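Colleague: I'd like a close look at one part of this protein, the cavities inside it. Here is what I have open.

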Amino acid sequence: MKYSFPQDFWWGSASSAPQTEGESLNFGKSATVWDEWFAQQPGRFHQQVGPQDTSGFYRHWREDIALLKQLNHNTFRTSISWARLMPMGRGGVNQQAVAFYNQTIDEMLAQGITPFINLFHFDMPMAMQRLGGWESREVVDAYAEFADNCFRLFGDRVKHWFTFNEPIVPVEGGYLYNFHYPNVVDFKRAATVAYHTMLAHAQAVKKYRARQQGGEIGIILNLTPSYPRSDNPADVKAAEVADLMFNRSFLDPALRGAYPQELVALLQQHGQLPSCRPGDAQLLRQGVVDLLGVNYYQPRRIQCRDSLVNPDSPFMPEWFFSSYEMPGRKMNPYRGWEIYEKGVYDILSNLRENYGNPRCFISENGMGVEDELRFERGGQIQDDYRIAFVRDHLRWVHRGIQEGSNCLGYHMWTFIDNWSWCNAYKNRYGFVQLDLATQKRSVKKSGEWFAAVAEANGFEGAE
């Protein structure tokens, strides 16, 4: 069977400034929370590899964009570093950063690659974190100023903007589960961070639309379908609460301009609502997106709790559900994540049936594998497992499109092996192998396969 995709389908990959640029404290860039945390606790990072060098895109941008072209990308997402463009978080713009981003955007366009630019990928400038980060309304306003500067400087050429990538991750990591700085465990502060992030998003959307630059603006959400263990009402209810907290808490304001009433009621009941101000609700309504990016890696399997909550424990999402390890599930053992390809179809179906079928695309999907040099043959990584992973997800994307889902593209995470938060270079995700010692770039077998798929706008495969 031939899996053909719509004309002008977006074939590409995704990355971010903090994970690829390097030069973390050079060329006018100020420290982000990652630079600060690494300086304080390098032991929290795999093999004590910090954010300073990452994949060297700042120096190798021309070579890397040529590789994007070689991989037949027609689109590519990266981000602009707030700490690089506006080192104090507000006020002055760093002209070295303007020159850097101008040349990368211009080179992409020259190579026929449409830039998709995201404005925040977990990289809060330390200058802003000291004011409280997303807990502070002042930082919300500063972010809107940063976003508006980006539109002013680059909006004549960039026509696809995104306010945030996976905004739930700084909430979970920084304020609930202690895997990102500032390592707080406090649900109410987490809820405030989530709420202020969506206010910042809506302010940026409003500023973008005011400029009338003829493009579109969206947000990128990691949607993780919640599947109940069984049809038992307790399991179903538990999965619904998990969905409310981890998906709908951002999906509903982004697509409907308001929070789900069930979520508001639940947080109110437990005294966890963030403080709201007059005008907030109207602002959120103005933040409904033109385009939704969907990051999908794994499903969430949920069952009801089988034990009572310790009343003295901190209020947590897990007061309402437990995770469930489905027997026989397919796993990526390196990342500890389940591989469930149909999840991407279920997300597209949910968007079509319950959210008015918005314009969307798969903005990340990928497979991190440890010690990939094991699979090197004749100087090339033979990552057939990655080819199978992408192909099997694309089959379900194809089915969603056949059934009417408004899915416009597929971006792989990621183009080149990059630095990954606390995991550094433990798991490799790229179509292109990066030798950290020599900075040599080598296309993996999956990169060649993807280039062929993009060129043919589809692939042959069994049913």
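What volume does the largest cavity have? And once you've been through that, please carry on to whatever else turns up around it.

Modeller: Sure, and keep in mind that this is a predicted model. The largest cavity has a volume of about 130 Å³. A search of the whole structure turns up seven cavities of 30 Å³ or more.

Let's walk around the wall of the largest cavity. It is lined by 13 residues, and those nearest its centre are F122, M124, Q129, P170 and Y181. Two elements, α2 (33–40) and α8 (168–175), each give two or more residues to that lining. Helix α8 gives the most, with three residues. As for chemistry, ten of the lining residues are nonpolar and three are polar, while none are charged.

Stay with Y181 for a moment, since Y181 is one of the residues nearest the centre of the largest cavity. The peptide bond from Y181 to P182 is cis, with omega near 10°. P182 sits in the loop between α8 and α9 (187–211). Most peptide bonds are trans. Another cis bond in the model joins W413 and T414, with omega about 10°. T414 belongs to the loop between β17 (407–413) and β18 (427–428).

Now set the second largest cavity beside that picture. The second largest cavity has a volume of about 90 Å³. Residues from A17 to D123 in the numbering line it, including A17, P18, E21, K29, D35, P51, R84 and D123. By class, this lining has three nonpolar, four polar and five charged residues, whereas the lining of the largest cavity has no charged residues.

P51 is one of the residues lining that second cavity, and the loop between α2 and α3 (57–70) is worth a visit too. Q48 is in that loop, and T54 has its place there as well. Most residues other than glycine have a negative phi. Q48 has a positive value, with phi near 55°, and phi of T54 is also positive, near 40°. Their surroundings are another matter: Q48 has a relative accessible area of 51%, which puts Q48 over the 50% cut-off, so Q48 counts as exposed. T54 has 4%, which is under 20%, so T54 counts as buried.

Moving on from the cavities, have a look at the aromatic rings. The whole structure holds 49 aromatic pairs. Take Y195 and Y259: their ring centres are 6.0 Å apart and their planes are at 50°, so the pair is tilted. Y195 lies in helix α9 and Y259 in the loop between α10 (233–256) and α11 (261–269), so this pair ties together parts that are 64 residues apart in sequence. Both rings belong to buried residues, with a relative accessible area of 6% for Y195 and 19% for Y259.

There is also an aromatic cluster made of Y3, F5, F9, W11, F431, W449, F450 and F459. Finally, a couple of arginines sit over tyrosine rings. R256 lies over the face of Y355, at 3.9 Å from the ring centre, and R301 lies over the face of Y340, at 4.6 Å from the ring centre.

Terms used: Residues numbered from 1 in each chain as written. Predicted model: local features only at pLDDT ≥ 70, side-chain atom pairs only at ≥ 80, totals over all residues. Heavy atoms only, no water. 1 Å grid on protein atoms, 1.4 Å probe; cavity = no way out; pocket = protein on both sides within 12 Å on 5 of 7 lines; lining within 4 Å. Points joined across faces, edges and corners; volume = space filled by probe spheres on them. Helix = DSSP H or I, 4+ residues; strand = E, 2+ residues; numbered from the N terminus. Nonpolar A, V, L, I, M, F, W, Y, C, P; charged D, E, K, R; others polar. Buried < 20%, exposed > 50% of the residue type's maximum accessible area, 1.4 Å probe, protein only. Phe/Tyr/Trp six-rings, centres within 6.5 Å; stacked < 30°, edge-to-face > 60°. Lys NZ or Arg CZ within 6 Å of the ring centre and 35° of its normal.
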